[in-house]
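Okay, thanks for coming, everyone. I'd like to walk you through a structure that's new to most of us, so let me put it up on the screen.

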Amino acid sequence: MLKKILIGGLLAVVILVGGLFFWARSVLTGDTVRTAIAAQVEKAIGQPVSIGSIDATITPRVTLKLGDVRIGPPNKIVVGELNVGTDFNALLSRRIEHATLTLTKAHLELPLPAFTIAPSTPPPAGSEPTRPPVELVSIDEIVLHDVEVVSGGRTLRGDIEIQPQGTTGLAIRRITLGADKTAINVTGVISNFTGPVGELTVKAGDLDMEQLLAFVNDFNAGSGMADQASSAPAGSA
């Protein structure tokens, strides 16, 4: 009798998990969802975004799996796989909140394209706001594994872990990059992108200053920091 109860319970669990899996795929996948997510990201950063494939899983948490993600001009930012982990509530509300973004085999070519944050515009008076099939609301953590940063024929490889802090800053939990004999580890906080304002701790072994400065200059030119510095009033810090 106990054996039958255990077998019955196991079958119920299998059926439940299988049902949740197919439900997740029906809610979070498909060309409509893939196009909607690409459009939301594109609007948010002001650069073209394309997503090659989309899939979903429920273990160990509800995760949207995006493949061949490309951002900006050709070959500027290419991500082999981007996983968006979220709470189970996303299946019920179709809203992805407090998500964890995990990017694997990302390729970034400096200088980066100019990103712009699009202001939110309320719908016209008297009209109902149109909701996408899946809405990407907030991101709590971004992790990059096996990232490749290319600049002027030089290449750095490593891992990056950052945590957004509102819309104006981020906490850098860990950046580990290396090329040839150069290895760089960075931690700290960027409290305001506009300055930029923040505090970073950089640790390095055999540091090639010429290579490091070249990367910094390329990044500044691509992120708009150089333009901000050149347009600052005389006497400003």
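Let's start with a pairing question: in which sense do strand β8 and strand β9 pair, and over how many bridges? They're antiparallel, and nine bridges hold the pairing, with β8 covering residues 154-165 and β9 covering residues 169-179. Before I go further, please keep in mind that this is a predicted model.

If you want one spot to look at in that pairing, find Q163, whose bridge partner in β9 is A171. The two strands make a hairpin with three residues between them, and in that hairpin G166 takes a positive phi near 65 degrees.

Now stay on β9 and look at its pairing with β10, residues 182-192. That pair is antiparallel as well, with eight bridges. And A171 turns up again here, standing opposite V189 in β10. So you can step from Q163 to A171, and then from A171 across to V189.

There's another hairpin earlier in the chain. Strand β1, residues 49-57, pairs with strand β2, residues 62-71, in the antiparallel sense over eight bridges. Four residues sit between β1 and β2 in that hairpin. To find your way around, look for V49, which is opposite I71 in β2.

Let me zoom out for a second. What does the protein have in the way of helices and strands? Five helices and 11 strands. The protein has 237 residues, and 32% of them count as buried. If you take the contacts with a separation of 6 or more, 49% come from residues 24 or more positions apart. As for the surface, about 14,200 Å² is accessible, and 61% of that belongs to carbon and sulfur atoms.

Okay, on to the inside. Which residues have the most contacts inside the largest nonpolar core? That core has 45 residues, and the ones to remember are L28, L64, L66, L82, V84 and V147. Take V84: once you leave aside its neighbours within four places in sequence, its contacts include L64 and L66, which are also on that list of residues with the most core contacts. V84 also touches V62, T63, I96, A99, T100, L101 and L136.

Next, V134, which you'll find in the loop between β5 and β6. Is V134 buried or exposed? Its relative accessible area is 1%, so V134 is buried. Its C-alpha atom is 6.9 Å from that of L28, even though the two residues are 106 apart along the chain. Leaving aside neighbours within four places, V134 is in contact with L28 itself, plus V27, V33, Q40, R94 and I96. And I96 is a contact of V84 too.

Last topic: backbone angles. Most residues other than glycine have a negative phi. Here are two that don't follow that. H98, which isn't a glycine, has a positive phi of about 50 degrees, and H98 is in the loop between β4 and β5. D146 has a positive phi too, near 55 degrees, but D146 is in a strand, β7, residues 139-151.

How accessible is H98? Its relative accessibility is 45%, so H98 counts as partly exposed. D146 comes out at 38%, so D146 is partly exposed as well.

That's my tour, so over to you for questions.

Notes. Residues are numbered from 1 along each chain as its sequence is written. This is a predicted model: local features need pLDDT of at least 70, side-chain atom pairs count only at pLDDT 80 or more; totals for chains, interfaces and linings use all residues. Side-chain values use heavy atoms; hydrogens and water are left out. Two strands pair if DSSP finds at least two bridges between them. A nonpolar core is a set of buried Ala, Val, Leu, Ile, Met, Phe, Trp, Tyr and Cys residues joined through side-chain atoms within 4.5 Å. Buried means under 20% relative accessible area, exposed over 50%, partly exposed in between (1.4 Å probe, protein chains only). Contact means heavy atoms within 4.5 Å. Accessible areas come from the Shrake-Rupley method with a 1.4 Å probe; for residues, only the protein chains shown count as cover.
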